[in-house]
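Hello,

Here is the model we spoke about, with its sequence. My notes on it follow below.

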Amino acid sequence: MNTAIAPDDLVETLRPYTIIHAMRKRIKFPRSVLEHLPNLKFISTTGMRNRGIDLQACEDLGITVSGTTANGNTASGTVEQTWALILALSRRIVVEHVNLKTQVPSWQTGVATALSGKTLGLIGLGRIGKAVANVAKAFGMEVVGWSPNLNEERAKEAGVELASSLGGLLTRSDVVSIHIISSDLTKDLISHHQLEMMKKTAILVNTSRGPIVNEQALLRGLQEGTIAGAGLDVFNEEPLPISHPFRKLENVVLSPHMGYVDDTTMNVFWEQTPENIAAFLNNKPLGQQGTSGKSLSRSSWRRHHPEVGVGVASSRATPASSSASAHQRTLQGYGVRQGSTSLPIDVHPAVQQAQAERAPVVALESTLITHGMSPPHCYELPLECEAILRDQGVVPATIAILDGRIKVGLEPQQLAQLADKAHLKDKGDSELWKVGRRELGACLVKGFSGGTTVSATMAIAHMVGIKIFSTGGIGGVHRGAETSFDISSDLIALADTPVAVVCAGSKSILDIGLTLEYLEAHAVPVASLATDEWPAFYSPTSGFKSPMRINTEAEAAEIIAMTDRLGLQSSLLLGVPIPKEHHPEGAAIQKAVERAVRESVENGLAKSGKAVTPWLLARVGQLTTGRAVISNRALIKNNRHPTKTHAPALRGFSRPATSLSAPPALATPGPPPPSASAALVVIGSLAVDISMIPTSSPLQTTSPGSVHTSLGGVAGNVAAAAQSIGISDVLLVAAIGDDPLGSLARTRLEDRGGLVGGVADMSIATSLPVQEVLERLKRAEPNTVVMDGNLSISLLTAVLGYCREKEIWTIFEPTSNAQSLKILRALSDPLPSSAGRHPTEETPPVSLITPNIHELQVLYEQVTGASPAKPHWEAGNWFDFITLPHHLLARDLPEWITGQGVVQMAVRLLPLVGCVLVKAGERGVVVIQRISGGDRVTQWQKEQGKNVVVAPCTKTGREAVVVAYYPGIEMGEGKIVSVTGAGDSLAGALGALMSRGKRLDDFGELKGVVDVAQQAAVRTLMSSEAVGDLTWLRDALPVLTEGRETMALK
């Protein structure tokens, strides 16, 4: 069929049909087409992915989609195609073939490139990547690999060296071959700055998907000799247009997406396609030929085809996109309030990518490591459990606390670190907590490490959008609870957290009857898999009937999905009996359990709360001479298997949760006082921080101590830092809540003096009235304005326009990945008429932006990605005359800066930002900026060398891009008290010094400014307050600002 067919013609042609076979993705089936095909019930396609079909629309419209597998043959074909392209380029086969065919007089026109001893860089190390690596070794090549999900263990298994970063791979490789899945996260993975990292003699091969490589960047790189050549089997538009420039380049070898097109693969495709159609017509599960006539359901079909299966999702589901990190998006979707700094939570890249691709993810707890089992089981078993999930195509997300940060997904070395801490704990040498939901906040604040229990793991999984959690046994009502009230917080979590839990039933040391009664009273759906008995951990039977029997894993998946779609407060608790081969041990172990329980009553441990469970498990292990440990391992691993169908069935679910409290009313501030003139104005969010400091163990039910309140929030911290340094004329403009916290904020602001504003919720900052803020700016007549990312886009646009008209310095503090993008939205909107004029090359719309590396990457991806017209983002011909030589960057800057592409990403922001100051924590600060004026350029050129790179404009010589790296200030071990507010203190110092006339484009002044700013951040790191005592920096202020009382835009 003609691939250029118009949607209306396509609808008219296909309207009568019930079944359609779509050959790969030549014809697109978006929702707009599918909605106009009322008879369509089944779409068949070849292969395991077809991004031309809108699967969510198919689910909503009741259309089943099938794919085909080729039992590894597709991988084999793509591997062969990859090496055909590599050899064609390295051996110059195509060029010499054409010369011989066209009777060119020269016998040999060039020299081939030997592969032996060269380095092959693989982006992606799945089935295809591993097979390509094996061939490379036969040629005597070294092989390095990288992908967002690749870890040291998997690379070692494949016999491949793990690259430290994508940049590290590109700089080393002679041949780069792409074998990674195309998604929003990998779109334009290879663009201008990545190509600039490669050797000029390197070749790039892409047999994966066209959009992974930015086509225009590659075209330019090939034309200008940035790399030697490219072998391409895939393209953005297929078939490749006749007039496409790739067809005319001599250093490109092209093939028409034929990596999978061979006789073996095609035979399998055409065998399986009729089988799928026949199964659908006969009402049989797809991919399960010969089974009884069971009704076809999307979930049962998806069990056999998890990659292509139609995701079960409600209309409220919000799939992940590339506009912000998956972690940040999920937190916001579940109502987690974003304060002055991001939450102390790190989501592993593998989990982030899985969520972005709507792939299955299962959460795992970590008390198994820290408090559940002794070495070596505490280390070996979690690794085995993760491997079981990966073998099923499920991404494991082991959740733990490490040094005061939540980790969602652990590297093997982090898991080993936890196991080592557990070993030291037993010797009294380590502070390692057993962290339930109750202890979670305290553990983070204290900077401790800990293993998360069922309740804490469920809470964290819910925060980041993971819908299934697999564990050993759940806690419950302890024996004697009628007098001790000893009830595990696991039950409370099960009642109020919508995360499905797969377990081996209740721990047999509990009162199982009362546990089931409690769950029933709190409307928790409880079921057993393929049995009428409720299991009891070591034993398949507990003597209690299960409230509900679920016969198949697919049925369980559908129940979980429906429960979530209904928006219920709790999800399914599924009991899976211990494997049959371990049943005989159950009775003997149960006797040991009874004895251990009696002993705990006698020695008083039964009344010790959560300490009793580890003791009982250890005692049972002693009494059974290790047999309980074997059974324990077996049941825990067994619980990972049912998630094979549960998790894929829930791909795409991200149901937003409502906030626990309504936002306070916005009270418009009254008219500013006559003395509201201020050199520095800070606009954004203000918060009231409440710190509870116990004087004894925080693990008691009620602990004596003190409660301390202080002002915080990004804008509040920035203003406080500037004032602490010695800038008295600071104006803080923030929304204020009409509630007790708002009143408290007013009082604290009055105590501070010189600040105007208030708060109760970060979201209230988006409600600041534009005209009110502009009026305050007019009265204040500042020379510097700081804005945080919590403001509305309309307010950012208005303030930028006003400041541009009045020639006022502007500083933007991104706040978070998601909020950082607001500045681009603000600049893409038309500036208000008060702005007077549009940005020019000499005066960027934003003077300074202060992202961390993650925020910088998000901004870069948005600027370079495909999006609507963005007049303020366009660089015109600017980049044609500015070149940052890679060899200078590699020579004069630390490897991590070039490896992570910091400079290349920041440079793309310079058409709209005068200066980009990248915060890199303990590593220091990187400043990338445009400077103008011959004298300034000459001054910087004299400083070229270690930690300084200068790239003059080749057209005029009066402009340049300069890069300066300032190492972090060393701190003594154990001196960091809190990381809250450090970045805000840095921004406050920058605003303070800029308001006193400091120029960032002057080499000497910039060095002094950055030094004071880093000192401010360090002082805050050493303080328990949101902003540390910065008064000691006041002595530096007169020296830094001497003779510079007026402000001039460069």
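M562 sits in helix α23, which covers residues 553-565; helices (H or I, at least four residues) and strands (E, at least two) are DSSP runs numbered from the N terminus. The model is predicted, so local features need pLDDT of at least 70 and side-chain atom pairs count only at pLDDT 80 or more, while totals for chains, interfaces and linings use all residues. Residues are numbered from 1 along each chain as its sequence is written, and side-chain values use heavy atoms, with hydrogens and water left out.

M562 has 42% relative accessibility and is therefore partly exposed (buried is under 20% relative accessible area, exposed over 50%, partly exposed in between; 1.4 Å probe, protein chains only). Together with L566 and L568, M562 makes a nonpolar surface patch of about 290 Å². Patch residues have over 30% relative accessible area and no salt bridge (a side-chain nitrogen of Lys or Arg within 4 Å of a carboxyl oxygen of Asp or Glu), and nonpolar side chains (Val, Leu, Ile, Met, Phe, Trp, Tyr) are joined within 5 Å.

Two cysteines are listed as buried: C803, with a relative accessible area of 1%, and C915, at 1% relative accessibility. The structure holds zero disulfides (pairs of cysteine sulfur atoms within 2.5 Å).

For the chain as a whole, there are 41 helices and 34 strands. Of the 1050 residues, 56% are buried. The exposed area is about 43,300 Å², with carbon and sulfur atoms supplying 53% of it (Shrake-Rupley method, 1.4 Å probe; for residues, only the protein chains shown count as cover). Among contacts (heavy atoms within 4.5 Å) between residues at least 6 apart in sequence, 71% join residues at least 24 apart.

Regards

Methods. Patch = residues over 30% accessible without salt bridge, like charges linked within 9 Å, V, L, I, M, F, W, Y side chains within 5 Å.
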